[in-house]
Amino acid sequence: MGCSRGWRWSRGVVAIVLLGAAVPAFGVPAFARKYNLRCSDCHEAWPKLNNFGQTFKDNGYQLMTGRDAPIYQQVSYFPIAFRSMPLWHRDSSNRVAVDVIPGNPGSGQTESRITKSGFNISGLDIWTAGTLYKNISFAVQSALDNNGNFHLLTYFVRFDNLLDSRWLNLKVGKFELDTLISENRELTLSNTGGFYRNYHFTPAGDRTSFGLGDHQLGAELLGHSRNDYTRYSISVLNSTDGQADMPTNSYDVYADFTQGFEIPKLGLQRVGMYGYVGKRSTFFQTTNGAAIPGTGMGNRSFSRAGVYGLWYVGKFDFSTFFLHGQDNVFLGNGVQADQPFNLPPGAVGPTWNGGFVEAHYTYNPQLILIGKYETVQMSRQANPSTRKDVGDLKVWTIGYRWYPIMSSRAGLAWHQEYSLARSVATAPLTGRDEVSSSFLMGFDFDF
Amino acid sequence: MMKGSSVALALLVSYSLFISAQESKIGRLTGNANSGKVLYRRYCITCHGVHGDGAGENAPHLDPKPRDFTRAAFKCRSTPSGSLPTDSDLYNTISRGIYTTGMPSWEPLTRQQRADLVAYIKTFSNRFHEEPPVTSVPIPPEPPTSAESVQAGAALFQNMNCWSCHGKEGRGNGPSALTLTDSKGYAILPFDLTRGTHFKCGETSRDLFRGLTTGLDGTPMPSFADALKPEQIWDLVHYIRTLAEGDRGFFHRAKSERKLP
């Protein structure tokens, strides 16, 4: 039983890692071309936004200069940008389940270290966004992964400054949840450290399909002050974790509030809080035992909530993030809500806490050093017989990005990164700790 | 002895002017040019250029062209035509941006950062070292909008030849519009006064009054400080307000009309 659960958890980790490899990132030279601004105007270091870039985004990709509508653009201008990254990487994991005799599943399994290295490509992000008219903006973001599979990640239209007010902006479609610490704008890229574990974490054996970093389907109302120091957003979202064609007649709610303030000699500091409350089905209508998509039943609740901050001290800045998560007992134990007798004795809803500190040193707009520490700690397992620390995570990442080319037309960054992750008692066969690491270096470019 | 004192005084004045050119004072804020240089290189350099001469890499693509800071001729000032702006003028321009140009609002920067940028921008021209600070022109209280005031403003719009550039209806399409150039010889179009309540140097009626009084240095827009009395300038402001179309301009006009007898 322990091995089985550990295996499922391990597969979950692999899925997260794969997801991490596919996490898209924003950095939109199309805007730079439109407004004749350089990357560093909107980004601390692309793709991470500074407050000017965040304000631009919150204004609906408008600088509010009176020339934002496409009619003021040259006829040849088209709001499209591409991003890709040829790279060399080395990924290692110490406890992967392998057949004792390669090619012979009947020989049994054992755990082995797997190390892979070589040249690779990140895939291709295709990103188009801008204004359809004054105060009507849009975005369509798609990605070709490195196997050529096509993913539609973002797809929305936004009505900006309704009633001539910055406090009323309505977005409808598929989009990243509003946050100042955007996973899409993260500066780390490796398979181990290139995503926020907290944004995708679910405990071992948990059936909740949700990630704070997943793009969701729904509508968002967002408002902000003129300088963007004060922001709020409220979203109503399908209970499908962003999957299309999966109506559930159930909706989730996400809210975010941030406040910025200036400290003399230090600059802008920002604090924020967020919360997500949702439901997920625990079983489906079936045909011959096969689930019929979109017929989820036995919905049970889950929530994620926390606080975050962006702190600036001279050339240093720190992003701090805290999350508290909890899932319903049926979701946490992977049991259908109509079969409570299948719950293990003493079963409860799992809870956990997590967070990260990400530090940057911006030597100048063309060189940034990165360090990140992330952790997740289970505070209550869904099954009381499970060791309390199963699934706990720690991830360390360091790296730097150097931008030898940074113009208003294109950008090129040399990226190097090393990341190490340890997850407690998740090895698929022995239930021992898993350790994985990634080293990555490559040319990250967009144009 | 007297000669030595004069030299010392001159040196002291020069030094104090030099120091003031390295700093900016906006209210209680003191901007620092060294800090401003870092910010300038991040945010401003692509348009205004490394030397502040408006020859950044994007300058060829911009219309109107970026400001040449080495000339120290600024559009949006509270000071008389031809004189240097106050630090607050530069700060306000950075904060507000210049509507209908490539210059956005930099209000997302902190107040200190904007003050630092002002200090650095002043280092591009020796005028800030050599010339003493100039005080802002006074703006008298705005009289109430009335039919008489608007009509007087309309007459002034005709008599002062505003229409020759801005057009009969204020659309920026007067007979001279296509012949205008800025102080560096680049073609420049008059402002379309019907665009709404935003103007190049601000949104309020006081901003409009200030622009008419001081002129926009570096552009063909002259100062009317000597040609018109303050109450006449207010008349002109009231008339220009009626030209705005759409957006809040419509509501503004309707509101103004309701006030008319």
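**View 1. The loop between α7 (147-159) and α8 (162-166) of chain B, with B:N161 at its centre of interest.** In this predicted model, B:N161 lies in the loop that runs between these two helices of chain B, and its phi is positive, about 65°, although the residue is not a glycine. B:N161 counts as exposed because 12 C-beta neighbours fall inside 10 Å, and a residue is called exposed if that number is 12 or fewer.

**View 2. A:N288 in the loop between β12 (283-287) and β13 (290-297) of chain A.** A:N288, a residue other than glycine, has a positive phi near 50°. With 4 other C-beta atoms within 10 Å, A:N288 is exposed.

**View 3. The cis peptide bond from A:W46 to A:P47.** The omega of this bond is near 15°, and A:P47 itself is placed in the loop between β1 (43-45) and β2 (48-49) of chain A.

**View 4. The cis peptide bond that joins B:D63 and B:P64.** Here omega is about 0°, and B:P64 belongs to the loop between α3 and α4 (87-96) of chain B.

**View 5. The contact between chain A and chain B.** Chain B contributes 25 residues to this contact and chain A contributes 24 residues. On the side of chain B that touches chain A, the elements giving two or more residues are α2 (33-43), α3 (45-48) and α5 (111-121). By residue class, that side of chain B divides into 8 nonpolar, 11 polar and 6 charged residues.

Methods
Residues numbered from 1 in each chain as written. Chains lettered and ligands numbered in written order. Predicted model: local features only at pLDDT ≥ 70, side-chain atom pairs only at ≥ 80, totals over all residues. Contact = placed C-beta atoms within 7 Å. Helix = DSSP H or I, 4+ residues; strand = E, 2+ residues; numbered from the N terminus. Nonpolar A, V, L, I, M, F, W, Y, C, P; charged D, E, K, R; others polar. Buried ≥ 20, exposed ≤ 12 C-beta atoms within 10 Å, placed from the backbone.
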